[in-house]
Amino acid sequence: MPLRRTHRKSRHGCKACKQRRCDEKRPKCTNCRTRQEECEYVTEASYIWAGDEPTQRTRSRSRRIAPSTSTAGSTPETPFRLLDRPFSHETTSLTPPLDMTQLRLLVNWQNETCQFFSRDTETRMVWQISLVEEALKTPPLMHGILAVSALHLALSDSGQEQAFWLGLATAHKGEALQALREGVNSVSADNARSMMGLSALVVAYAFGSALTSTDGSDADRPSLDGLNNVFVLCRGVQQVTNAAYAVLRQSNFAPLFNPGDQSVAIPDHVSESLDHLDQLNTQCLQAGDSAHDVETYTRVIDALRSLSGHAFTQPNSMTLAAGWAIRVSAEYLGYLQANYPFALIVHAHYCAFLHLARGNCFLQSWGRAVLGDILRLLDEEWKVHIRWPVTEVFGEGYLPTESMQSPLGLMGT
């Protein structure tokens, strides 16, 4: 009896020669190419295997060899060999470009910069992950992230690359700020997260950019007037928050609105200084000062007290610096811009908290610079009420001006 010639069964051959032992070559099998016939495949299943040498399968009456077992003399298929074969969606062999500078900025944001915005693990996840996910859908927000990340690198680098990072920061900031201007008055459920993220980033950028002035001008350096401008920007964050609070509270940005851990005890001398502010607020009203807005001042002092714990749990976070600036009212800002003494005294306490957060690269010398301006504006009779801020920032026994007769450390409260 003649031996039957073994052959490989065609499981994925073309329609025209399924019975002709089709070799399954693509796009046209050998049989159809020889016969000059149309070659049409039923399935794409074997396409990635096209061009493979057929492997001989041995049969056994008693058992079947496991698929993972290689027979002697055969060459096993390695997984990465498949990547060398063309796929149907490939239309070009060009290598896609990688902008390593922008990738570095994004990595820097997620590894380093986002920490300055975070007060705990939950809020860090918002700044590190959720904000970036939102930015992947919203280019202006991505520009904001890259701008703040580049500014962080500029503030951390005093060498030759500082100018390079500042240039990038300025370029990205321009793109982000334009979108914020256009969208702040039309906040909706669709853009609430991106608008809030953008507004917060712009506030941090305003703090940090003032630290990069290299022209010797005081106008762009940290100052009381500069801080007033930052507070105006913070009003934009408040506007976005008020317009979309319900939406944001139900989103993955919700941890930003949680009060956080309030269990840390505020040092006694800090608590006593805030208590003194409350007492002075009441005394100013009782003294018959009709222009003294006790209710507005009560609210801003309460907000400062409620946030003060964060200055000791996460001293390098912007939680207090930006959080209080967002909470203060337009009335308080008006009193501050008019240099009302009590508003300046409250602001002096805020400067002490800014100084506690000086390890944050976006804050650094802000507390010291602004408190210096406040001391130059206050009359002697008011300076006695800012003993703790001056001691915290300048040290015990500091003489702020030559006109003072004695160190603040010797003054009573």
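Q: Where is L98 placed in this predicted model?
A: L98 sits in the loop between α1 (30-35) and α2 (100-111); helices here are DSSP runs of H or I with at least four residues, numbered from the N terminus. The model is predicted, local features need pLDDT of at least 70, side-chain atom pairs count only at pLDDT 80 or more, and totals for chains, interfaces and linings use all residues. Residues are numbered from 1 along each chain as its sequence is written, and side-chain values use heavy atoms, with hydrogens and water left out.

Q: Why does L98 count as exposed?
A: Its relative accessibility is 66%. Exposed means over 50% relative accessible area, buried under 20%, and partly exposed in between (1.4 Å probe, protein chains only), so L98 at 66% is exposed.

Q: What makes the nonpolar surface patch that includes L98?
A: L98, M100 and L103 make a patch of about 330 Å². Patch residues have over 30% relative accessible area and no salt bridge, and nonpolar side chains (Val, Leu, Ile, Met, Phe, Trp, Tyr) are joined within 5 Å, like charges within 9 Å.

Q: What makes the pairing of E134 and K137 a salt bridge?
A: A salt bridge needs a side-chain nitrogen of Lys or Arg within 4 Å of a carboxyl oxygen of Asp or Glu. E134 and K137 have an N to O distance of 3.7 Å, so the pair meets the rule. By this rule the model has 7 salt bridges.

Q: Are E134 and K137 buried or exposed?
A: E134 has a relative accessible area of 6% and is therefore buried. K137, at 58%, is exposed.

Q: Which acidic partners does R305 have, and at what distances?
A: R305 pairs with D275 at 3.1 Å, N to O, and with D278 at 2.7 Å between the closest N and O atoms. D278 lies in helix α8 and R305 in helix α9, so this pair ties together parts that are 27 residues apart in sequence.

Q: How do you know that R305, D275 and D278 are partly exposed?
A: The relative accessible area is 24% for R305, 33% for D275 and 24% for D278. These values fall between the buried and exposed limits, so the three residues are partly exposed.

Q: What makes the phi of N339 and of Q364 worth listing?
A: Most residues other than glycine have a negative phi. N339 is not a glycine, yet has a positive phi of about 60°, and Q364, also not a glycine, has one of about 40°. N339 lies in the loop between α12 (330-337) and α13 (341-356), and Q364 in the loop between α13 and α14 (366-377). At 34%, N339 is partly exposed; Q364 is too, at 31%.

Q: How much space lies in the second largest pocket, and what makes it a pocket?
A: The space is about 660 Å³. On a 1 Å grid, a pocket is an open set of points with protein on both sides within 12 Å along at least five of seven lines, and lining residues have an atom within 4 Å of a point. The volume is the space filled by probe spheres set on the points.

Q: Which of the lining residues are closest to the centre of the second largest pocket?
A: Of its 27 lining residues, M196, L256, G323, I326 and R327 are closest to the centre. The elements giving two or more residues include α6 (192-209) and α11 (319-327).

Technical notes. 1 Å grid on protein atoms, 1.4 Å probe; cavity = no way out; pocket = protein on both sides within 12 Å on 5 of 7 lines; lining within 4 Å. Areas by Shrake-Rupley, 256 points an atom, 1.4 Å probe, with all protein chains shown as cover.
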